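Reader: I am new to this structure and should be grateful for a close look at a single part of it. Would you kindly describe the surroundings of one loop residue and then the aromatic pairs?

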Amino acid sequence: MQISSRFTIAVHVLICIETFKEDYKVTSDFLASSVNVNPVVIRRLLQQLKKAGIVSVIRGSGGTNIEKPIDEITLLDVYNAVECVDEGELFHFHENPSPLCPVGRNIHNILDGRLEKIQNAMEKEMKSVTIQDVMRDAKKIIMENSI
C-alpha cells in the first residue's frame, strides 16, 4: 500500500503558490515546471483542490490562489481533496478471501480493528500539521540551501 504522489504534489503546489504569489502569476505551467510533471497533472490536481475550496483557479493563464488562510489548511484536508480513497478507507481488502479457509473466513475480524486504528492515527497526525507549518519549514530550508 502506498499513498499516490498526488498528495505530495498537491503539497508542493500549495507551497509554490504561497512562495511565489507576490512575484509571479502562478499558472499550471509554472507549477508543472517546479514539480517537473506535465501541466495536465497539475490542472487535474488544481481542480480537486478547487472543489475542496482550498484554491481558486482563473481560467486561461490567470493563475491560482490559495483561498483559505494557510494556518487553516491541514495535510489531512489536502489528502482528502486529492486522494481517491474508497469510502474513506485507506486500506483496501482483497476482494474474495476464501470462506473455506479459517484465515480467509476471518481475515476481516483479524485485521479490521487494527487497520482502523492505524488509519485514525495517521489522520490525527495529518490533521495536526498545517500548510503554514510546512511553509515555515520550507522557508527555513530554502534559506539554508541558498547560502
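Author: What follows is an account of T27 and its surroundings, and then of the aromatic rings, in a model that is predicted.

T27 is placed in the loop that joins α1 (5-20) to α2 (28-35). Is T27 buried or exposed? Its relative accessible area is 17%, and because the limit for a buried residue is under 20%, T27 counts as buried. The side chain of T27 has a polar atom 3.1 Å from the backbone nitrogen of F30. Once neighbours within four places in sequence are set aside, the residues in contact with T27 are S61 and G63.

These contacts lead to a hairpin. G63 belongs to β2, where it stands opposite I58. The strands concerned are β1 (residues 55-58) and β2 (residues 63-66), which pair in the antiparallel sense over four bridges. Four residues lie between the two strands of this hairpin, and G60 adopts a positive phi near 75° there.

For a point elsewhere in the chain, one may take M143, a residue of helix α6 (residues 131-145). Between M143 and G60 the C-alpha to C-alpha distance is 33 Å, with a separation of 83 residues in sequence. M143 has a relative accessibility of 55% and counts as exposed, because the exposed class begins over 50%.

The aromatic rings come next. How many aromatic pairs are there? The count comes to four. One of them is formed by F7 and Y79, whose ring centres are 6.1 Å apart and whose planes meet at 75°, an edge-to-face arrangement. F7 lies in helix α1 and Y79 in helix α4 (residues 75-82), so this pair ties together parts that are 72 residues apart in sequence. Both partners count as buried: F7 has a relative accessibility of 13%, and Y79 has one of 3%.

Another aromatic pair, that of Y24 and F30, is tilted, with 5.2 Å centre to centre and 35° between the planes. Y24 is partly exposed at a relative accessible area of 48%, and F30 is likewise partly exposed, at 22%. Y24 and F30 also join F20 in one aromatic cluster. F30 thereby brings the account back to its starting point: the backbone nitrogen of F30 is the atom that lies 3.1 Å from a polar side-chain atom of T27.

How values were computed: Residues numbered from 1 in each chain as written. Predicted model: local features only at pLDDT ≥ 70, side-chain atom pairs only at ≥ 80, totals over all residues. Heavy atoms only, no water. Buried < 20%, exposed > 50% of the residue type's maximum accessible area, 1.4 Å probe, protein only. Polar contact = N/O pair within 3.5 Å; in protein donor to acceptor, adjacent residues only side chain to side chain. Contact = heavy atoms within 4.5 Å. Pairing = 2+ DSSP bridges. Phe/Tyr/Trp six-rings, centres within 6.5 Å; stacked < 30°, edge-to-face > 60°.
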